[in-house]
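I opened this model to look up its chain contact, its cysteines and a handful of single residues. My notes follow in the order in which I took them.

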Amino acid sequence: MDLTPLTIDVGVLVSKTVTSLHSHLVTRPTGRAVRLAIEAQMASTGVQSLSIIDLSDVTILDFSCADEVIAKLLQGYLEPESPEAFFMFRGVRESHRDQIQVVLERQALVAVAETDTGVRELLGVIEAYDTRVWQLLETEGPLVREDFARMFPEPILDDVLDRLRKRRIVFQNPISGRYHALSQLVDDPL
Amino acid sequence: MNVFSVPTELDYQAVDQVLDMAGQVGIEHMLFDARHVRWIDPNGMVALLAAGAVVKKQGGSPRLQLPDNSDVLGYLSRMGFFHEATGIFELLGRVPKRASRLSDVLLEITSITANADVHTVIDEVQKRAGNVLASRLGYPATSVVQFSVILSEVCQNIVEHAEGSGWVAVQAYNWTKRLGRYVVVITVMDIGRGFRHSLSAEHSARYGDRWGDSTALEAAFLHGLTRFPDSGRGQGIQQIRRQVQRWDGSITIRSGTARIAQVPEWDIADPVVDGLKSFPGAQISIILPAVK
């Protein structure tokens, strides 16, 4: 099992993909081209992967591009036959948040984001209880199920952990059974 | 020869007169007499271009008698009007030399035919809009990003839905008498197939006999319907409306024989107008006022 993070700089991809000097992430064809470029880079990874999509150099992100580069990217890897891909979006600015939130809500998706000030959070659609469980893992993890159970003794805990895992916002090591926040895998790869 | 007297004040409230006239089928030789124009805004300029382009598209020969007023002529020049108009009209009168790029214009009239044009618009606006939005409208410094997103989405509407060319222009004005504060006016017009034809194949059946220009506009404007089956589509106009509302602005879209608007308290426009004379494409006007 190799979950070494693959860092993809969207700012570089935009300038490589769009045949001009334009650097803003606007228009649907641009977004589609950038998404395909990301997917091409990911093709070399194994059946499991963790990718850091770096938006630090993106000033303007419109809704069409957010839909292509974030919502459709996530959605594509949630298909049953697709590789088990995990994503963390880095360098998310306040001016990106609205667009990302809207496109994720529209598709009922959730994503792990790291803001330009280094704060890690969930964007998109998620229950408050699920967020609390994710937050515990983010601050205390890696954790085993019993660690969660001390804080969250409710019978729905297993369902919540299963849901977080299936939505690819936490990773469960199939050997140790430990749960990892994606940010921990970035900082300390398996 | 048909002669149309262009209104002396050609702004967003007067453009219907131009579009109504030009949309009439069968006009071959049309003279747009703009000699008495004293005031014109981006909506008026782009409406003139759209009207002339429609007459030309129908096989006609549009002619434009230029304004007498030198200030108006100079402003048309600074806005890049003549660069676009020379390909559409036979211009009657002396065309002033193009002003230098260092003007007060927020975004000159820019032709939109492909996605690359949208990138160009965003690049240009990035250079100029931030200062205007902050100093004239009192918007936060970061508002240039949301402003750019609005422009991007509204221009993409031409490329993705109109299947025809269009134009965008932006300028700031001091609406002293009308509103007592500065506004930024965005106009985006095309002469493509319009909302009804764009949405017809996917959505007309469910509306039955009610299907028309106004129901198509409602479907897109209020409900976010689009011709694409992809559920990620259709959010552009919805999000533009939301941001315009946050800034207490107005947005109106005319398409075919109807117009729909999101009307703030300071405006008196009707939310829906039906029964206009048919004009191809879509004509969008956005007005963003300074914070009180």
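**Notebook: residues and interface**

I began with Asn157(B), which is buried, with a relative accessible area of 10%. I note for the record that I am reading a predicted model. Asn157(B) has its place in helix H6 of chain B. I listed its contacts, leaving out residues up to four places away in sequence, and found Ala162(B), Phe195(B), Ile237(B) and Ile284(B).

**Entry: Ser198(B)**

I moved on to Ser198(B), which sits in helix H7, residues 194–207 of chain B. Is Ser198(B) buried or exposed? I get a relative accessibility of 7%, and because the cut-off for buried is under 20%, Ser198(B) counts as buried. Setting aside neighbours within four places in sequence, I find Ser198(B) in contact with His161(B), Arg193(B) and Arg227(B). I also looked up the C-alpha distance from Ser198(B) to Asp11(B), which is 27 Å. Those two residues are 187 residues apart along chain B.

**Entry: Thr226(B)**

I then took Thr226(B), in the loop between helix H8 (213–221) and H9 of chain B. Thr226(B) counts as buried, at 10% relative accessibility. Which residues does Thr226(B) touch, not counting those up to four places away in sequence? I list His161(B), Leu199(B), His203(B), Arg233(B) and Gly234(B). His161(B) is on the contact list of Thr226(B), and I had already written it down for Ser198(B).

**Entry: Pro280(B)**

I looked up Pro280(B) in strand E13, which covers residues 279–289 of chain B. Its relative accessibility is 29%, and I enter Pro280(B) as partly exposed. Without its neighbours within four places in sequence, Pro280(B) contacts Val54(B), Asp190(B), Ile191(B) and Gly192(B). How many residues apart along the chain are Pro280(B) and Gly23(B)? They are 257 residues apart, and I read 7.2 Å between their C-alpha atoms.

**Entry: the contact of chains A and B**

I turned to the interface. How many residues does each chain give to the contact? I count 26 residues from chain B and 24 residues from chain A. The two chains bury about 2,100 Å² between them, with 51% of that area on carbon and sulfur atoms.

I searched across the interface for salt bridges, and the rule finds two. One that I wrote down joins the side chains of Arg246(B) and Asp98(A), at 3.3 Å from N to O. I also looked up polar contacts between chain B and chain A, and the count is 10 residue pairs, both residues being at pLDDT 80 or more.

Which elements give two or more residues to the side of chain B that touches chain A? They are helix H5 (115–135), helix H6 (143–162) and helix H9 (235–246) of chain B. I sorted the residues on that side of chain B by type and got five nonpolar, 14 polar and seven charged.

**Entry: cysteines**

How many disulfides does the structure hold over all chains? I find zero. I looked up Cys65(A) to see why its sulfur is unpaired, and the closest cysteine sulfur, in Cys155(B), is 14 Å away, too far for a bond. The cut-off for a disulfide is 2.5 Å between sulfur atoms. From the other end I get the matching entry: the sulfur of Cys155(B) has its closest cysteine sulfur in Cys65(A), at 14 Å. I checked burial for both cysteines. Cys65(A) is buried, with a relative accessible area of 0%, and Cys155(B) is also buried, at 0% relative accessibility.

**Entry: positive phi**

I ended with backbone angles, since most residues other than glycine have a negative phi. Ala108(A) has a positive phi, near 55°, and is not a glycine. I place Ala108(A) in the loop between helix H4 (94–106) and strand E4 (110–115) of chain A. At 46% relative accessibility, Ala108(A) counts as partly exposed.

My other entry under this heading is Asp248(B), with a positive phi of about 60°. Where is Asp248(B) found? I find Asp248(B) in the loop between H9 and strand E10 (250–256) of chain B. Asp248(B) counts as partly exposed, at 29% relative accessibility.

Methods:
Residues are numbered from 1 along each chain as its sequence is written. Chains are lettered from A and ligands numbered from 1 in the order in which they are written. This is a predicted model: local features need pLDDT of at least 70, side-chain atom pairs count only at pLDDT 80 or more; totals for chains, interfaces and linings use all residues. Side-chain values use heavy atoms; hydrogens and water are left out. Contact means heavy atoms within 4.5 Å. Buried area is the accessible area (1.4 Å probe) that two parts lose on being put together, summed over both. A salt bridge is a side-chain nitrogen of Lys or Arg within 4 Å of a carboxyl oxygen of Asp or Glu. A polar contact is a pair of N or O atoms within 3.5 Å; within protein, one must be able to donate a hydrogen and the other to accept it, and residues adjacent in sequence count only if both atoms are side-chain atoms. Helices (H or I, at least four residues) and strands (E, at least two) are DSSP runs, numbered from the N terminus. Ala, Val, Leu, Ile, Met, Phe, Trp, Tyr, Cys and Pro count as nonpolar, Asp, Glu, Lys and Arg as charged, and the others, Gly among them, as polar. Buried means under 20% relative accessible area, exposed over 50%, partly exposed in between (1.4 Å probe, protein chains only).
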